[in-house]
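Reader: I have a model open and some time before the next gel. Can you walk me through it?

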Amino acid sequence: MTPTHLPGRPAIPTLPTVLDTFNSAPVEEAHKVLLDCLRSHRWADRVSVHRPYPDVASLLAASDEAAYDLSPGDLAEALAAESLPTLPDGAYSAAHMAMSAAHAAYESKFGHAFVICLDGVPPTEALDHVLEGIRSRLTNDPEDERVVAAEELRRLAKQRLAARFRGAGSCAASPDGAAPGR
């Protein structure tokens with residue numbers, strides 16, 4: 001705790017921020033936090049080694065830089081932990097069927113879960129955005145899709161970190177394995 005001190009008043013201790021706690025956490029704890037955002041051990045190592053971060057923007061910049069350097073193996077590791085985006089509450093059963101069928105076709109062609117970041121997409125448009133994304137990306141060849149999936153993972157990691165450290169961001173995939181239709 002760092003005291004805040006005003007002349008003529010007693011010092012008031014300030015509580016550590018989430019970033020302060022992350023910066024001072026043991027490596028294993030920092031890795032756990034990072035792996036909740038992107039399941040790549042190399043990425044987590046690269047982000048944690050540069051601690052302490054002076055602010056969240058610096059942490060997010062380091063996340064981006066580390067994500068750009070993912071090898072095909074690192075990308076495969078991260079993609080293996082991803083799942084189908086969660087459909088909004090109240091989505092009708094035909095939407096679940098359409099999502100499951102589109103995802104099955106995608107997974108069959110590329111060998112991994114479809115990932116997409118929905119940051120900034122209104123919840124009422126999320127289903128259409130995901131289905132359009134799967135359909136359009138099914139036309140990619142595997143190498144082009146690897147590049148697109150890597151970019152989506154980078155965006156997901158950044159948004160998950162932002163949500164954890166400043167309560168912002170909304171992405172449509174979770175590393176916990178829970179997903180409708182799977």
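Author: Let me start with one aromatic residue. Phe-165 has a relative accessibility of 10%, so it counts as buried, the cut-off being under 20%. Keep in mind that this is a predicted model.

Reader: Which ring does Phe-165 pair with?

Author: Phe-165 pairs with Phe-22. The arrangement is edge-to-face, with 5.2 Å from centre to centre and 75° between the planes. The two rings come from distant parts of the chain: Phe-22 belongs to helix H1 (residues 18–24) and Phe-165 to helix H8, 143 residues apart.

Reader: And Phe-22, buried or exposed?

Author: Phe-22 counts as buried, because its relative accessibility is 4% and the cut-off for buried is under 20%.

Reader: How many aromatic pairs are there in the whole structure?

Author: A search of the whole structure gives 3. One of them is the Phe-22 and Phe-165 pair just described. Tyr-106 and Phe-114 also form an aromatic pair, edge-to-face, at 5.1 Å centre to centre and 85° between the planes.

Reader: Where do those two stand on accessibility, buried or exposed?

Author: Tyr-106 is buried, with a relative accessible area of 0%. Phe-114 is also buried, at 0%.

Reader: Which residues make up the aromatic cluster there?

Author: Tyr-106, Phe-110 and Phe-114 form one aromatic cluster. Two of its members, Tyr-106 and Phe-110, are also touched by Glu-145.

Reader: A glutamate against aromatics. Where is Glu-145?

Author: Glu-145 sits in helix H8 (residues 142–166). Its relative accessible area is 0%, so Glu-145 counts as buried.

Reader: What does the Glu-145 side chain make a polar contact with?

Author: With the side chain of Arg-137, at 2.6 Å. Leaving out residues up to four places away in sequence, Glu-145 touches Tyr-106, Phe-110, Arg-137 and Asn-140.

Reader: Which other residue touches Arg-137?

Author: Val-115 is one of them. Val-115 lies in the loop between helix H6 (93–110) and helix H7 (123–137).

Reader: A loop valine. Buried or exposed?

Author: Buried: the relative accessible area of Val-115 is 0%. Apart from residues up to four places away in sequence, Val-115 touches Leu-79, Glu-82, Arg-137, Ala-149, Glu-152, Leu-153 and Leu-156. The C-alpha atoms of Val-115 and Val-130 are 9.0 Å apart, with their positions 15 residues apart along the chain.

Reader: Back to H8. What about Pro-142, buried or exposed?

Author: Pro-142 lies in helix H8. It counts as exposed because its relative accessibility is 53%, and exposed means over 50%. The C-alpha atom of Pro-142 is 9.6 Å from that of Gly-111, a residue 31 places away along the chain.

Reader: Changing topic. How many helices and strands does the chain have?

Author: There are 8 helices and 2 strands. Along the sequence the pattern reads β-β-α-α-α-α-α-α-α-α.

Reader: What percentage of the residues count as buried?

Author: 42% of the 182 residues. As for contacts, among those between residues at least 6 apart in sequence, 65% join residues at least 24 apart.

Reader: Which residues of H2 are buried?

Author: In helix H2 (residues 27–35) they are Ala-30, His-31, Val-33, Leu-34 and Leu-35. These buried residues pack against H1, H3 and H8.

Reader: And H3, at what angle does it pack with H4?

Author: Helix H3 (residues 41–49) and helix H4 (residues 56–68) pack at about 140°, and their axes are 9 Å apart. The crossing is right-handed.

Reader: Which residues meet there?

Author: From H3, Trp-43, Arg-46 and Val-47; from H4, Leu-59, Ala-62, Ser-63, Glu-65, Ala-66 and Ala-67. By type, the residues of this contact are 6 nonpolar, 1 polar and 2 charged.

Reader: What about the loop between H3 and H4, which proline is found there?

Author: Pro-52 is found in that loop. The peptide bond leading from Arg-51 to Pro-52 is cis, with omega near 5°.

Reader: Noted. Back to the gel.

Key
Residues numbered from 1 in each chain as written. Predicted model: local features only at pLDDT ≥ 70, side-chain atom pairs only at ≥ 80, totals over all residues. Heavy atoms only, no water. Axes fitted to C-alpha atoms, helices over the stretch in contact; angles between N-to-C directions. Helix = DSSP H or I, 4+ residues; strand = E, 2+ residues; numbered from the N terminus. Left-handed = near helix turned anticlockwise from the far one by under 90°. Contact = heavy atoms within 4.5 Å. Nonpolar A, V, L, I, M, F, W, Y, C, P; charged D, E, K, R; others polar. Buried < 20%, exposed > 50% of the residue type's maximum accessible area, 1.4 Å probe, protein only. Polar contact = N/O pair within 3.5 Å; in protein donor to acceptor, adjacent residues only side chain to side chain. Phe/Tyr/Trp six-rings, centres within 6.5 Å; stacked < 30°, edge-to-face > 60°.
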